[in-house]
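Please work through the exercises below with the sequence and the structure side by side. Each task is followed by a solution that goes step by step.

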Amino acid sequence: MTIFAAAMLDPIFIKNGNFLIHTFGPEEIQRISSIAQDVYAIFSDEMTLKFLPQKRLQSVQQAEKLLKTNLLNFHAGKNYLHFITDELTGRVIGLIDIISPDTAKEHYDFSQYPHFIEFYLAGANAGKLIMSKLLPVFIEVIRGQNLKQLGAVVHRHNVSSIKVLKRSGFKLEAGFDSIQDFYKISFD
């Protein structure tokens with residue numbers, strides 16, 4: 001079994017049109033209750049969860065706990081949660097999470113453990129090509145952070161996410177299980 005040495009990632013801040021991709025900052029900590037409402041809206045949305053029903057949150061309090069846990073995990077190098085904020089409304093409309101190899105090892109069975117990416121967008125924003133515009137830019141920034149590879153596990157019927165991954169440079173690597181496939185991008 002090969003495990004990549006986990007690299008600590010630097011916080012990312014990207015402005016692209018009316019959208020910001022960013023980590024927790026002082027502003028987010030001060031308005032964590034408001035952000036928890038946005039995150040709850042994302043993780044209770046039927047469109048967002050169509051292929052990820054296990055990610056469903058049951059309450060705003062659960063969303064706030066998730067945020068606090070992710071804030072600690074970021075500084076511990078376990079995962080790196082980034083918000084997608086609509087600058088015009090100030091609302092969080094999506095999330096991009098980079099999961100460390102050590103954390104991935106707890107959830108997946110692979111011979112190698114790259115960092116993994118997960119991304120979510122509020123269903124009301126589906127079809128607007130937001131993630132298609134933002135994820136490739138995010139991947140380019142990640143490319144400069146000394147990662148060798150980035151993996152993604154996606155439901156094989158989630159055509160939108162597969163398109164976004166492919167536009168961002170990911171290639172189908174293998175089947176993961178009976179309903180999901182493993183995609184990967186290498187930065188060598």
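**Exercise 1.** In this predicted model, find the kind of contact in which the side chains of lysine 184 and glutamate 173 meet, and state which strands hold the two residues.

*Solution.* Begin with the charged ends of the two side chains: lysine 184 and glutamate 173 form a salt bridge, with N and O 3.4 Å apart, and this lies inside the cut-off of 4 Å. Next, place the residues along the chain, where lysine 184 belongs to strand β10 and glutamate 173 to strand β9, 11 residues apart. Finally, look at the accessibility of each partner: lysine 184 has a relative accessibility of 16% and therefore counts as buried, whereas glutamate 173, at 43%, counts as partly exposed.

**Exercise 2.** Describe how β10 is joined to strands β9 and β8.

*Solution.* Start with β9 (residues 171–175), which runs antiparallel to β10 and is joined to β10 by four bridges. The connection between β9 and β10 is a hairpin of four residues, and within this pairing glycine 175 stands opposite aspartate 181 of β10. Then turn to strand β8 (residues 149–155), which pairs with β10 in the antiparallel sense over seven bridges; here leucine 150 has isoleucine 185 of β10 as its bridge partner. As a last step, consider how far β10 is covered: of its seven residues, six are buried.

**Exercise 3.** Aspartate 181 forms a salt bridge with arginine 156; work out where each partner lies and whether each is buried or partly exposed.

*Solution.* The closest N and O atoms of aspartate 181 and arginine 156 are 2.7 Å apart. The pair links distant parts of the chain, since aspartate 181 is in strand β10 and arginine 156 is in the loop between β8 and α6 (159–167), 25 residues apart. Aspartate 181 has a relative accessibility of 11%, so this residue counts as buried, while arginine 156, at 30%, counts as partly exposed.

**Exercise 4.** How many salt bridges does the structure hold, and which parts of the chain does the one between glutamate 87 and lysine 15 tie together?

*Solution.* The structure holds nine salt bridges, and one of them joins the side chains of glutamate 87 and lysine 15, with a distance of 2.7 Å from N to O. Because glutamate 87 lies in the loop between β4 (79–86) and β5 (92–99), and lysine 15 lies in strand β2 (residues 13–16), the pair ties together parts that are 72 residues apart in sequence. Both partners can then be classed by their accessibility: glutamate 87, at 39%, counts as partly exposed, and lysine 15, at 49%, also counts as partly exposed.

**Exercise 5.** Classify the aromatic pairs phenylalanine 74 with tyrosine 80 and phenylalanine 116 with phenylalanine 182.

*Solution.* The structure holds four aromatic pairs, among them the two treated here. For phenylalanine 74 and tyrosine 80, the ring centres are 5.0 Å apart and the planes stand at 80°, so this pair is edge-to-face; phenylalanine 74 and tyrosine 80 are both buried. For phenylalanine 116 and phenylalanine 182, the ring centres are 5.8 Å apart and the planes are at 45°, so that pair is tilted. Because phenylalanine 116 lies in strand β7 (residues 115–121) and phenylalanine 182 in strand β10 (residues 180–186), their pair ties together parts that are 66 residues apart in sequence. Phenylalanine 116 counts as buried at 1% relative accessibility, and phenylalanine 182 is buried with a relative accessible area of 7%.

Definitions and conventions:
Residues numbered from 1 in each chain as written. Predicted model: local features only at pLDDT ≥ 70, side-chain atom pairs only at ≥ 80, totals over all residues. Heavy atoms only, no water. Phe/Tyr/Trp six-rings, centres within 6.5 Å; stacked < 30°, edge-to-face > 60°. Buried < 20%, exposed > 50% of the residue type's maximum accessible area, 1.4 Å probe, protein only. Pairing = 2+ DSSP bridges.
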